[in-house]
Amino acid sequence: MSEAAAARRPKVFGLARRLPEHLTIWVPLLLAAGHIVSFSLWTLWVSFTPSTLLPEFGWVGLHNYTAVLATRNWRIAFDNLLLFGSAFVVLSLLTGLGLAILLDQRIRGENVLRSIFLYPMAVSFVVTGTVWSWLLNPGVGVQKFVNDFGWMSFRFDWLINRDMAIWTIVMAAVWQSAGFGMALFLAGLRSVDTDLIKAAQIDGAGPVRLYRRVILPTLWPITVTVVVIQLQFAITTFDLVRALTGGGPGIATLLPALVVYDFMFQRGLLGRGAAAAVLMLLTLLAVLLPYAAWRHVQARKTARA
Amino acid sequence: MSALTVRDVTKQFGSAEVLTGINLDIASGEFTVLVGPSGCGKSTLLNIIAGLERQTTGTIEIGGRVVNDVPPKDRDIAMVFQSYALYPSMTVRQNITFGMECRNVPRAQRNEAVARVAKLLQIEAMLDRKPAQLSGGQRQRVAMGRALVRDPLLFLFDEPLSNLDAQLRTEMRMEIKQLHQRLGSTIVYVTHDQIEAMTLATRIAVMRQGVVQQFDDPETVYNRPANLFVARFMGAPPMNTLSARLEATSGGTVAVIGGGETVIRFPVPAAAASWIGRSVVLGIRPECIAEPTRYFGDAPGATVMIAAPVEMIEPTGAETIVVLRLGDERALARVSPDLHYRLGETARFAVDTRKINLFDPATGDRIA
Amino acid sequence: MRDTTFTPGRIFIYLAVWSLAAAWLVPLAVVMLNSVRTAEEIVQTSMIGWPQHWAWGNYRTAWADFCVAQTCSGIRPYMLNSALVSIPATIVSTVFGAVAGYAVSLWRFPGDRWIYGIVTLGLFLPQQMRLLPWTIVLRDVGLINTLTGLVLIHSIQGLSFTTLFCRNYYIAIPRELIGAARIDGAGFFRIFRRIVLPLSPPILIVTVIWQFTHIWNEFLYGVTFTTGQQQPVTAALIALSAAVADVPQHGVQSAAVMIAALPTLLVYLLGGRYFVRGLTAGAVK
């Protein structure tokens, strides 16, 4: 907001006379802001202490961090995260974009279709995970269904396959979240200046070229937004994994969020748990900070232009 | 007792100084117009007077009372905004009475006040409608009604006519002027339109980049502008500004434009004598250059005939604007619409030298 | 403007999009159908099939009789828990978020930019960074394993979201409207009540829809801070799946899943475009 516009907002006058106003403004905001800051700092502090079942005072430096990074669980979880994160974001992005382009073609029943692709977002990840765990269960799910049809050699047992199980999570996550990208991309596609499209059509651009050279390039900012939000979700995924695979088979589909929970509440190693949580935060910052910097640079470029 | 005094007001936004050294003394019943290009600080000044923003230094006095720390609702003012700022979820009646509601005025009194104001502005038929159902002009009237019903010491208008189309603007301009004459209220009016300023004001404050350039009645601002900026800003088409040299002759001081064959001489007041031998900027309004038969009065030397080549002709119906060349520079003339010219021909024009203004080329200030 | 020509290109588009739509509906269809099939049937013919016997009784079992852990009271108490958490937390966070969003967008006060920045930062802070501190806080105020504790958590954390939403909406209100009201003599609360609030229904609906959906569907806090009978329905579903791991009761489980998902699905279907508005608005953060 420009300085002049910011200054035009009236000031909340006085203090004593305006106590109810100040209370109403400050109490919720301080609670909201305060808890964010204090909780983060507190967890950070615990990560440097030798806490186990209860928080303890003490200082162990980076010991908890090195311990966490050395555990097999964490390394598997982080590798899974890299795989899951990239696969999920790319697939979700492409699916969302594809759906948006399809829906942009002014087809009949567009509203119904949009509702269909978006309904998974209204449902809990626990529900999604549970249902998909049934569908992907080789004993009662898709594999059995196809087998019963006569195709006996059909195999779809990723759920119990150590190497492929992570992909079941990718599938379920894409099913749930593609609608998000679709909604945003559709809005972006619809907001392209029609004069631009007309000019391109007069220039002789066919539909494919029109999309590729004229329309899709304008979707860059939305793409970045979608990627950032999906990455944030991927890094903190907990519910879906718990419901779909429980981290298994074995520990094949562990993700950082489960490792944190495991340290904190199942093994009673609060210090390690806090360290793992901070590591998650750092991973997230590795995505968010470049994004914020990019936004900042973009804003300055348009301001100067 | 003056209705409004602005004393040494400055305003800073961060490192930018938006208002510098504003001093205005406004008597009761005056219609003061703050005029200037966008960004000159006029709206900021109005907001400071209203109390919606706070000045960095300086005092505001309303009705003789220092109101620096007084909130807007207690300053005895009313304001009409450019976008009318009507409360969208309330009816016209509620919009007008909202202020009275906040002051706990009893219902009977409120209704009586609304009726009175509605009659004055002829909006009785729309009292129970919502702003979204009204046209631009009607909304403007409701906004004025909301201001009138407060019966304040000071009315503040922030570019109230900018959102209206040209015809409506002229109508509403006259209505505002009529209201002012009927009610004798003190008005401070902000606009970027210098025609509104000229037609409405008892005094005009021309502002530029946060500084008041001139604060005088319209006639003075128009005919004796304090500097080049005011000269060029007021009047459309704008004043011609030409470089000239002052020379002494037997008949008095003379301004010389151009040189060689195309030299033109105009008599100028003796007050400019100290500038003889130096170059100045000569300002003369287009309406002061007219067809050769125009009569400018009896004073000796008032009318000077010149010959100048015609470069362009713009007939507007009511008159013809002629672009001609004086010396080396272009100048505009406003000529009777009955005359016809050929491009490139040298024609004769009558010039009213009584209204010549001279300016210092370095500072832009008026010399004579 | 709909194009009704039937070129091969358009036929392909229709085929593609409706096949995808069918694929998207499969999970829902499967659960719906299975919820009225018997367990034996499902084991015999896989999850994907049409009911041969209509086992409507599954719903009654799921609702009132089913056993989770040691208690056999069906899913009803957990649904109640979820409602008792979601509804109050949604109301509280929306109300305070609206006022906070109003204050931050239309009024200036010392530190307003900072505090708003921190509050929005809260949207990005992983839940894992907050688990431990909440444990301590809840324990200190004696709210461990209570619904009130969950309401507290969701109310305070929801403020980040609701404040952001409402602030982005209120910021479009013209400053002159507030200026006129101040000259008229209205103060902070009157302006909110008479001018801002009447303009708010669209954003309040969006906020309520999203808060309710988010809190109802939430799992991590539910499973961390409550156990047994106090758990919300999401945690109960997981416990259910674990409890029946040996003898799957897919029919009853499907019924339970349908019941659990019903409230948010209803909100989605009824809320329609407000849901989508929340999506696009949320992306602006």
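**View 1. Where chain B meets chain C.** This contact draws 17 residues from chain B and 14 residues from chain C, with two residues in contact if their C-beta atoms, placed from the backbone, lie within 7 Å. On the side of chain B that touches chain C, β6 (77–80) and α2 (92–102) of chain B each chip in at least two residues. Helices (H or I, at least four residues) and strands (E, at least two) are DSSP runs, numbered from the N terminus. Sorted by class, that side of chain B has 12 nonpolar, 3 polar and 2 charged residues. Here Ala, Val, Leu, Ile, Met, Phe, Trp, Tyr, Cys and Pro go down as nonpolar, Asp, Glu, Lys and Arg as charged, and the others, Gly among them, as polar.

A word on the model: it's a predicted one, where local features need pLDDT of at least 70, side-chain atom pairs count only at pLDDT 80 or more, and totals for chains, interfaces and linings use all residues. Residues are numbered from 1 along each chain as its sequence is written, while chains are lettered from A and ligands numbered from 1 in the order in which they are written.

**View 2. Where chain A meets chain C.** Here 72 residues from chain A and 72 residues from chain C take part. On the side of chain A that touches chain C, helix α2 (residues 19–47) of chain A gives the most, 16 residues. The class split for that side of chain A is 51 nonpolar, 11 polar and 10 charged.

**View 3. Chain C on its own.** You're looking at 14 helices and 0 strands. The C-alpha trace of chain C spans about 75 × 65 × 30 Å along its principal axes. Of its 285 residues, 52% count as buried, that is, with 20 or more other C-beta atoms (placed from the backbone) within 10 Å of their own. Take the contacts in chain C between residues at least 6 apart in sequence: 75% of them join residues at least 24 apart. The domain assignment gives domain 1 (1–26) and domain 2 (76–282) of chain C, with bounds that come from an automatic or database assignment. The C-alpha centres of these two domains of chain C are 37 Å apart.

**View 4. The two domains of chain B.** Chain B mixes 8 helices with 20 strands, and its C-alpha trace spans about 80 × 45 × 40 Å along the principal axes. Of the 368 residues of chain B, 42% are buried. The domain assignment splits off domain 1 (2–233) and domain 2 (240–359) of chain B, and their C-alpha centres sit 39 Å apart. Where they touch, 7 residues of domain 1 of chain B meet 6 residues of domain 2 of chain B. Helix α8 (residues 228–233) of chain B brings the largest share of the domain 1 side, 3 residues. That domain 1 side of chain B divides into 3 nonpolar, 2 polar and 2 charged residues.

**View 5. An open sheet in chain B.** Five strands line up in the order β15-β19-β16-β17-β18 (chain B), with antiparallel pairing; strands pair if DSSP finds at least two bridges between them. At the edges stand β15 (289–290) and β18 (329–335) of chain B, each with a single partner strand, so one side of each has no neighbour in the sheet. Strand β16 (residues 303–315) of chain B runs antiparallel to strand β19 (residues 346–352) of chain B, joined by 7 bridges. Zoom in and you'll find B:M305 opposite B:A350 in β19(B).

Methods. A residue is buried if 20 or more other C-beta atoms lie within 10 Å of its own, exposed if 12 or fewer, and partly exposed in between; C-beta atoms are placed from the backbone.
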